Amino acid sequence: MLAKKNLVQQQLKNMPNEILKTIRTRRSVNQNSFTNEPISKEDLLSVLEAANAAPTHKRTQPWRFVVFQNDGLNRLGNELSRIYKAITPSEKYNAITEENMGKKATMSTVAIAIIVNYSGDVPEWEELAATACSVQNIWLAAHAIGLGGYWASPGLINHLGPFLSLEDNQKCIGIFYMGHHNSEVRDPVRSPIEEKVRWEG
Ligand SMILES: Cc1cc2nc3c(=O)[nH]c(=O)nc-3n(C[C@H](O)[C@H](O)[C@H](O)COP(=O)(O)O)c2cc1C
């Protein structure tokens, strides 16, 4: 037991700077910067295991994912374009937007549909929060191994239920588009943390 504890402490001692560096340099990277390099199964599993390590009240582990690759990306792209066309009022419809909806999938190497599975055991917001934590883990793990991506949440994700075979207690809250990329490191657009913190004592 002691040996195990020491090992964990040792690992933690070496980790913080790398983690902070990863957190600070993570950015949203979109399809325009993705390269054609495939994502290995090993990398994909690392990213998904990171998602599965997210915190979760009562261990309900509400995050669910549908991973699209290869021809799955074409199916997802077609469905996104189809939904856009079906739900957009004719006066707002734009053929280029329809095409671009599909391209978001087909220009990605992997697309991960993000789903919350509401268990009913804890308030819904807690399971939404836990799933968001799992997405941040995906984002950071991907960045740590050289992958870029971003969380897309267009309104039409509310119509993906049948396509994703969602249960009544499940909701799609976005798609994480991912790929190897050639984007430059850039500063985050953020106002100072001092504006968001009140110190007491
Ligand atoms: C819940 C959530 C939904 C998001 N939805 C979209 C989206 O639909 N389209 C998009 O381009 N970016 C989306 N983003 C990414 C944000 O635009 C991005 O995180 C923000 O611009 C800050 O940039 P950074 O991630 O590089 O720090 C989303 C982020 C979050 C957390």
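1. Let us start with one residue, L48, which sits in helix α3. This is a predicted model, and L48 makes a friendly first stop in it. L48 counts as partly exposed because it has 17 C-beta neighbours inside 10 Å, whereas a buried residue needs 20 or more. Try finding S134 from there: L48 and S134 are 86 residues apart in sequence, yet their C-alpha atoms are 8.8 Å apart in space.

2. Next, how far can you trust the coordinates? The protein chain averages a pLDDT of 94, and 92% of the residues score at least 70. Confidence varies between elements: strand β2 (residues 110-117) has the highest mean pLDDT, 99, while helix α1 (residues 2-14) has the lowest, 58. Where pLDDT is low, the predicted coordinates should not be read in detail. Please keep that in mind when you look at helix α1, with its mean of 58.

3. Now for the overall plan. The protein chain has 7 helices and 4 strands. Starting at the N terminus, the order of the elements is α-α-α-β-α-α-β-α-β-α-β. Along the principal axes, the C-alpha atoms fill a box of roughly 65 × 45 × 40 Å. Of the 201 residues in the chain, 26% are buried. Among contacts with a separation of 6 or more, 81% join residues 24 or more positions apart.

4. How do the strands pair? β1 and β2 run antiparallel to each other over 6 bridges, and F65 stands opposite I114 in β2. β2 also pairs with β4 in the antiparallel sense, this time over 8 bridges. Two residue pairs to look for here are A111 with its bridge partner Y177 in β4, and V110 with M178, also in β4. β3 and β4 are antiparallel too, over 6 bridges. Y150 has Y177 in β4 as its bridge partner, so Y177 is a handy residue to click on: A111 is another residue bridged to Y177.

5. The inside of the protein deserves a look. In soluble globular proteins, nonpolar side chains tend to be buried together. Here the largest nonpolar core has 34 residues, and those touching the most other members are A111, I112, I114, I138, I175 and F176. At least two residues of this core come from each of α3 (41-52), β1 (63-68), α4 (71-87), α5 (95-106), β2, α6 (124-144), β3 and β4 (170-180). Which element gives the most to this core? β2 does, with 7 residues. β2 is also mostly covered, as 7 of its 8 residues are buried.

6. I112 shows what such packing looks like from a single residue. Leaving aside residues up to four places away in sequence, I112 touches F65, V67, I138, I175, F176 and M178. Of these, I138, I175 and F176 are listed, like I112 itself, among the core residues that touch the most other members.

7. The ligand comes next. Which residues surround the ligand? They are R27, S28, Y150, W151, A152, S153, P154, G174 and P188. Strand β3 (residues 147-152) supplies the largest share of this shell, 3 residues. Sorted by class, the shell has 5 nonpolar, 3 polar and 1 charged residues.

8. R27, from the shell around the ligand, is worth following further. R27 lies in the loop between α2 (16-25) and α3. Is R27 buried, exposed or partly exposed? R27 is partly exposed, because 19 other C-beta atoms lie within 10 Å and the buried class begins at 20. Residues up to four places away aside, R27 touches R186 and P188, and P188 is also part of the ligand shell. R27 and A142 are 115 residues apart along the chain, with their C-alpha atoms separated by 11 Å.

9. Finally, two backbone details. K58, in the loop between α3 and β1, has a phi near 55°, a positive value in a residue other than glycine. N70, in the loop between β1 and α4, also has a positive phi, about 50°, although it is not a glycine. What about their surroundings? K58 is exposed because 11 other C-beta atoms lie within 10 Å, and N70 counts as exposed because it has 10 C-beta neighbours inside 10 Å. The cut-off for exposed is 12 or fewer.

Note on methods. Residues are numbered from 1 along each chain as its sequence is written. This is a predicted model: local features need pLDDT of at least 70, side-chain atom pairs count only at pLDDT 80 or more; totals for chains, interfaces and linings use all residues. pLDDT is the predictor's confidence in each residue, from 0 to 100. A residue is near a molecule or strand if its C-beta atom, placed from the backbone, lies within 6 Å of it. Ala, Val, Leu, Ile, Met, Phe, Trp, Tyr, Cys and Pro count as nonpolar, Asp, Glu, Lys and Arg as charged, and the others, Gly among them, as polar. A nonpolar core is a set of buried Ala, Val, Leu, Ile, Met, Phe, Trp, Tyr and Cys residues joined through C-beta atoms within 7 Å. Two residues are in contact if their C-beta atoms, placed from the backbone, lie within 7 Å. Two strands pair if DSSP finds at least two bridges between them.
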